[in-house]
Amino acid sequence: QVQAVESGGGLVQPGGSLRLSCAASGSFLNPDTVGWYRQTPGKQRELVASISSGGSTNYADSVKGRFTISKDDNARNTVYLQMNSLKPEDTAVYYCKLDYRTWTHRIQSVWGQGTQVTVSS
């Protein structure tokens, strides 16, 4: 079974940094697009950043210039979200969504369980 597991959340002061990791496990042909989303109570889950299999990136306007999504050069199935200059409004549960290609070349998706990020003094 394919899984996406997030790690790296926590409590940080405004202006601080955190790095989230999304590690994919299980048997599949290759990863496709990986996206980081976030959600706060009472609001819809929103896309924060994504990276395609070819390395193209996309960011929400609210995080441009502060967050960077990247792939691990040495670990094919790991994607990072480097978050700098964090603001209280970045507080949310962050989820990783992995789109992957199955051995029959179908595209499937799986969500991680989420990791809490709290920005507070």
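**Salt bridges and strand 11**

Arg101 is partly exposed, with a relative accessibility of 25%. That figure lies between the 20% limit for buried and the 50% limit for exposed, so the middle label applies. The model is predicted. Six salt bridges are counted in it. Two topics follow: charged pairs, then the pairing and facing of strand 11.

**Asp32 and Arg101**

- Asp32 and Arg101 form a salt bridge through their side chains, with an N to O distance of 3.8 Å.
- Asp32 belongs to strand 4 (residues 30-39) and Arg101 to strand 9 (residues 92-101), so the contact ties together parts 69 residues apart in sequence.
- The distance of 3.8 Å counts because the cut-off is within 4 Å.

**A network of four residues**

- Glu46 and Arg38 form a salt bridge, and their closest N and O atoms are 2.7 Å apart.
- Glu46 is partly exposed at 36% relative accessible area, whereas Arg38 is buried at 7%.
- Asp90 and Arg66 form another salt bridge, with closest N and O atoms 2.7 Å apart.
- This pair links distant parts of the chain, 24 residues apart. Asp90 sits in the loop between strand 8 (78-83) and strand 9. Arg66 sits in the loop between strand 6 (57-59) and strand 7 (67-71).
- Asp90 is buried, at 1% relative accessibility. Arg66 is buried too, at 10%.
- Both values fall under the 20% limit, so both residues take the buried label.
- Arg38, Glu46, Arg66 and Asp90 belong to one network, joined by salt bridges that share partners.
- Side chains of opposite charge can pair when their charged atoms come close.

**Strand 11: partners**

- Strand 2 (residues 10-12) and strand 11 run parallel and are joined by three bridges.
- Gly10 has Val117 of strand 11 as its bridge partner.
- Strand 9 and strand 11 run antiparallel, also with three bridges between them.
- Val93 stands opposite Gln116 of strand 11.
- Strand 9 therefore appears under both topics: Arg101 of strand 9 reaches strand 4 through Asp32, and strand 9 pairs with strand 11.

**Strand 11: faces**

- Side chains alternate along strand 11 (residues 115-119).
- Thr115, Val117 and Val119 point to one face and are buried.
- Gln116 and Thr118 point to the other face and are not buried.
- Val117, the partner of Gly10, is on the buried face.
- Gln116, opposite Val93, is on the face that is not buried.

Note on methods. Residues numbered from 1 in each chain as written. Predicted model: local features only at pLDDT ≥ 70, side-chain atom pairs only at ≥ 80, totals over all residues. Heavy atoms only, no water. Helix = DSSP H or I, 4+ residues; strand = E, 2+ residues; numbered from the N terminus. Buried < 20%, exposed > 50% of the residue type's maximum accessible area, 1.4 Å probe, protein only. Pairing = 2+ DSSP bridges.
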